[in-house]
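The following exercises concern helix packing, burial and backbone conformation. Each task is followed by a worked solution.

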Amino acid sequence: MKIQESAENYLEAILILKQNKGSVRSIDIAHYLNFSKPSVSIAMKNLRESEHIRVTKEGYIYLTDSGREIAEMIYERHQILSSWLIQLGVNKQTAEEDACRIEHDISKESFNAIKQAISEQLSNRQK
């Protein structure tokens with residue numbers, strides 16, 4: 001199921017914040033993404049309705065299985081693509097920004113090919 005890029009960014013942010021802070025609330029997401037609280041509230045409503053997150057009555061946000069699957073996929077893409085671009089000589093900030101754009105549009109086939117090439121390259125270096 002294809003979801004909007006903005007939803008993928010929110011899910012990735014929730015995953016990262018959960019890993020770093022242990023718990024996530026809307027205000028944490030607003031600060032992390034530098035978005036307004038009302039924008040985050042609307043996004044959380046949409047993600048809740050699409051069953052990618054659940055929100056407790058205390059306001060804590062948790063990824064559902066489908067939300068976690070999307071967040072982990074986007075996060076893996078971001079990590080691998082930004083590292084790869086840095087290895088190619090792109091400065092860190094540009095690599096991060098480009099990876100953020102590419103991670104949403106690249107096909108699964110192309111991403112897997114890049115991931116395989118990087119893996120083979122690392123394997124060859126270790127020999």
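The crossing of α4 and α5 is right-handed; the model under study is predicted.

**Exercise 1.** Classify the packing of α4 against α5 by the angle between them.

*Solution.* Two packed helices are described by the angle between their axes and the distance between the axes. Helix α4 covers residues 65–87 and helix α5 residues 92–105; their axes lie 8 Å apart at an angle of about 140°. Angles over 145 degrees count as roughly antiparallel, and 65 to 115 as roughly perpendicular. The two helices α4 and α5 are therefore oblique to each other.

**Exercise 2.** Determine which residues form the contact of α4 with α5, and their character.

*Solution.* From α4, the participants are Ile74, Arg77, His78, Leu81, Ser82, Leu85 and Ile86. They meet Lys92, Ala95, Glu96, Asp98, Ala99, Cys100, Ile102, Glu103 and His104 of α5. Sorted by type, the residues of this contact comprise eight nonpolar, three polar and five charged.

**Exercise 3.** Identify the elements against which the buried residues of α1 pack.

*Solution.* Helix α1 spans residues 5–21. Its buried residues include Ala7, Tyr10, Leu11, Ile14 and Leu17, and also Glu8 and Glu12. The buried residues of α1 pack against α2, α3, β1, β2, α4 and α5.

**Exercise 4.** Asn34 and Glu51 have positive phi values; establish where each is placed and whether it is buried or exposed.

*Solution.* Most residues other than glycine have a negative phi. Asn34, with phi near 60°, is in the loop between α2 and α3. Its relative accessible area is 69%, so Asn34 is exposed. Glu51, with phi near 65°, is in the loop between α3 and β1. At 58% relative accessible area, Glu51 is exposed.

Note on methods:
Residues numbered from 1 in each chain as written. Predicted model: local features only at pLDDT ≥ 70, side-chain atom pairs only at ≥ 80, totals over all residues. Heavy atoms only, no water. Axes fitted to C-alpha atoms, helices over the stretch in contact; angles between N-to-C directions. Helix = DSSP H or I, 4+ residues; strand = E, 2+ residues; numbered from the N terminus. Parallel < 35°, antiparallel > 145°, perpendicular 65-115°, else oblique. Left-handed = near helix turned anticlockwise from the far one by under 90°. Contact = heavy atoms within 4.5 Å. Nonpolar A, V, L, I, M, F, W, Y, C, P; charged D, E, K, R; others polar. Expected span 1.5 Å × (residues − 1). Buried < 20%, exposed > 50% of the residue type's maximum accessible area, 1.4 Å probe, protein only.
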